[in-house]
Amino acid sequence: MDKAKRPLESPAPTSGRDKRRAKQKDVRQIGRPRNILDQNAPKVGGIVDPEQYVHARIAEIRAMQSAIKSASNALTCLTMQALPRDRRRRAASHDLNRLPAHLRERAARERAEAPPAKRKIKKGKRKAKTDNLVKEYLRRQSTCFVFICSFIVIYTLLIVHRPGSLEENKWLETHMWHTKRMKMSNIWGYRLAAHPNIKSARSIYRAFQHTVVAHDASYIGCLEITGRQDAIVTVVNHLSDVSFPSVGSERYIKGNRIGHTYLYEYDGCPAKCICPATFLWKAAADMSNDDRKMWIWIHPSAFDEALKAFESARAALPEADVVLTDLRDQLSMIDLSGAKSTSLLQAILKPIEESSHIDEESSATATGGQVWRKLSGLRSSGSLPPGSVIGLTVQDPRLSFPQKLPRTPNIESDEARHQLEELITHQWPLDVTYSDIWDDQKRQNAQSEMQSEHALNKRREKLLLPGTKLDFMPEDAKVPVLLVQRGSADTQQQISNRREKHHSSCTQELLSGWRLIVPRGWGLPFWKSMVFAGARPAGLQDVHAMHFESKQPYFPYDLVGTRAWDSVTNAMKNEAENTWKRKPPAKRLNYAKLNVDRPFDPAFDVLTNTKMSAVISDEHQEMEGKEVSPSHARPGFYLLHSEKAISAALDHGENDQAVATVRTYFKDMYAKRKITLSFDSLSLSNALIAVRVEYMDRGRPQPNAMIYLMNDEEQYKQSTHYILNRRSDFKNKKMVMNTYPESEDEHADLDDATDTMDVDKHKAKFPPAADIIGHLTTGGFSFSAGHGFGLGACSVEGVRRLQALDKSGSKSAFLKRTDKSER
């Protein structure tokens, strides 16, 4: 009997594809579902109903499709890739328990067959992480490299970095906090926050009106002047605006009030403006003391230019022996604006005199602490004397972190209200402004005594009740601070506001907000406490928007005629022009056909028939947003800041008489400061006057818009017919149609109303150059005003022509945008 043949063995899979197919054999098999038509199955050769046949095989079709899909997925993707996107987790790649239960076995097989590759160990010495991150960030903010001693290294740095690059893009103390949440920009030698990453224009405006907005203003440089009191006053008088009170006036010399002025080149007022400045004297017990100290805060875009002006004044006045010290890296400043800024600071700033470990009688800042606690019921900082200063020594804000914004009680006690009224109405105390922050050694001690976060966390671990605030101990840091109310009664902004009957809340909170000045290294702890307490962080664009909502100019964007303004305008011009050039010719405006010669910048030089005093180098034009060098050219036009000089220039119809009056005014103002000057070269042909433009109807102005006169009476009537003849109850054409649906007599009113609105569609032509009297520097829709609004400047001659039209009964100015031929 023959032996039965042995069945053939399937050959072993050789390729990886065959191995995977063999492994997934069970998955590829198609099960036979129960046939629901077994009982009524048609006979062979009978008629087959297609619908019944497909319905009977639908389960088999679905099983086959699912098997094909599973087989293809098993061959081409891993278990993690087969999961839906909403269930994928990066941590599941090494933790199988994070996967669904029915997929863990398959994932385990995949891991066993293909274990993850071992990471290569990097050779070399690993850089140790610093124990104190604050010190590491402060090291990155420094502009000088102390540890570079080798000549080779120094020579290499000089080759790799172009001149001045070692001083570019410095960090603020809050840089790491901002860079995670806000859009950063390189400007004026710093890396600053521009705006939040989320839409925040309206939310910041609401916070500006009702709560608190915080802005890190540490980039504003501080210049310290030390010397005799009369020497300091003499030097600053030659550089400041003569139409403002002198720094040596009684209101400022005591050191209990901050002051504002404009800085000029040596005896250059009013034509050679540098920037606005804020100053503060150090309070002294003996006012006859010759050793005095004053701080001046200057914007970074003009700091080098201002410092050079001070050095020139010191060289020109050898009898004025003063010492200039740059404190740009020694102080941190935080600006607060909003209705609840005082309440927020009350929750964060806790004087050390409140602790039982401090003797209040021996403390130098005891008076400041008492005054600060009396202000706990203050609703708005605008109720205080303008420019008030409070010196405090406060506890580490991290001890009571996180703070909460306290609720202001609606009813206060009679005693607290009486103390607050007495403090506000009477003279501000002199000894309330003392602070150790003026002493360099005390500032360094405050930085060295700062405990690390690890040490504070160890103290929190020992607390019996989690979440309890830490108590102030004698070994804790004592932080000297200055609390300044930014408003001043002598600023140009508040002088102009005195004429207005109604003060908007935006203007009130912006001009009367708080500025907190702390030593170096303490900016981040106070910043975090403010943000956690409810303050809304703001960037540069947000601060610009707050000035716009308050109808106040913002330096350097609105201070026409300065080098800083010229630098930022050129940067914006280059950016806008490059954006326009990137568009195809068919998709961009043809400014040549619209007769617009300067669409990307305001042509004040053409308006005043002036040119730059020197040619700007190509390197300066490419330096977008960099700090202005004093050697760069100054614009040939300037802005008048004195209201008396503006009145003198406009009240006289003849130009020669107006020039003579203005020259006499400035000559007398310099004479009051014991300075003799002749203003024979002063001219009003290149002088500008700051203006505000408000829309009466729809639309909003754009930056660089032209302000021009409309001499044609017919054109003026055609352009303003809708505004002058509109009815308040007709908002649009649809409302008119709903109001007059059927009546024939009323159709006449309907036609008149619609014709009135059709006139508004009139397209006006761009004006000739002779009719242009000014330009806008900032424009847009104002939330606070509810309509379009703009800030700009007009020539003195143009404003005279405008006044002449008003007196003659003719019509006034007309605004046109530069990008479209619309009103």
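This section describes salt bridges, a helix pair, a surface patch and two long-range contacts in a predicted model.

In total, 25 salt bridges were identified. Two of those examined lie within single helices. In the first, the side chains of Arg109 and Glu105 meet with an N to O distance of 3.8 Å. These residues are 4 positions apart in helix H5 (residues 104-113), and are therefore separated by about one helical turn. Arg109 is partly exposed, with a relative accessible area of 36%, whereas Glu105, at 60%, counts as exposed. In the second, Lys458 and Glu461 form a salt bridge at 3.9 Å, N to O. Here the partners are 3 residues apart in helix H17 (residues 453-461), so that about one helical turn separates Lys458 from Glu461. Lys458 is partly exposed at 39% relative accessibility, while Glu461 is exposed at 59%. Elsewhere, Glu265, Glu305, Arg563 and Arg634 are joined into one network by salt bridges that share partners.

A further salt bridge is formed by Arg328 and Asp304, whose closest N and O atoms are 3.9 Å apart. This pair links distant parts of the chain, the two residues being 24 positions apart: Arg328 belongs to the loop between strand E8 (322-326) and strand E9 (331-337), and Asp304 to helix H12 (residues 303-316). Arg328 has a relative accessible area of 21% and is partly exposed; Asp304 is likewise classed as partly exposed, at 30%.

Helix packing was examined for H25 (residues 643-651) and H26 (residues 655-672), whose axes are 8 Å apart and make an angle of about 160 degrees. H25 is therefore roughly antiparallel to H26, since angles over 145 degrees fall in that class. The crossing of H25 past H26 is right-handed.

Asn686 is located in the loop between H26 and strand E15 (687-694). With a relative accessibility of 16%, Asn686 counts as buried, because the cut-off for burial is under 20%. The C-alpha atoms of Asn686 and Asp605 are 8.4 Å apart, although 81 residues separate the two in sequence. Another such pair consists of Arg373 and Leu420, which are 47 residues apart along the chain and have a C-alpha separation of 9.9 Å. Arg373 lies in helix H14 (residues 366-374) and is partly exposed, at 28% relative accessible area.

At the surface, Ile58, Ile61, Met64 and Ile68 make a nonpolar patch of about 320 Å². Ile58 is part of helix H3 (residues 50-76) and counts as partly exposed, with 31% relative accessibility.

Terms used
Residues numbered from 1 in each chain as written. Predicted model: local features only at pLDDT ≥ 70, side-chain atom pairs only at ≥ 80, totals over all residues. Heavy atoms only, no water. Patch = residues over 30% accessible without salt bridge, like charges linked within 9 Å, V, L, I, M, F, W, Y side chains within 5 Å. Areas by Shrake-Rupley, 256 points an atom, 1.4 Å probe, with all protein chains shown as cover. Salt bridge = Lys/Arg side-chain N within 4 Å of Asp/Glu carboxyl O. Buried < 20%, exposed > 50% of the residue type's maximum accessible area, 1.4 Å probe, protein only. Axes fitted to C-alpha atoms, helices over the stretch in contact; angles between N-to-C directions. Parallel < 35°, antiparallel > 145°, perpendicular 65-115°, else oblique. Left-handed = near helix turned anticlockwise from the far one by under 90°.
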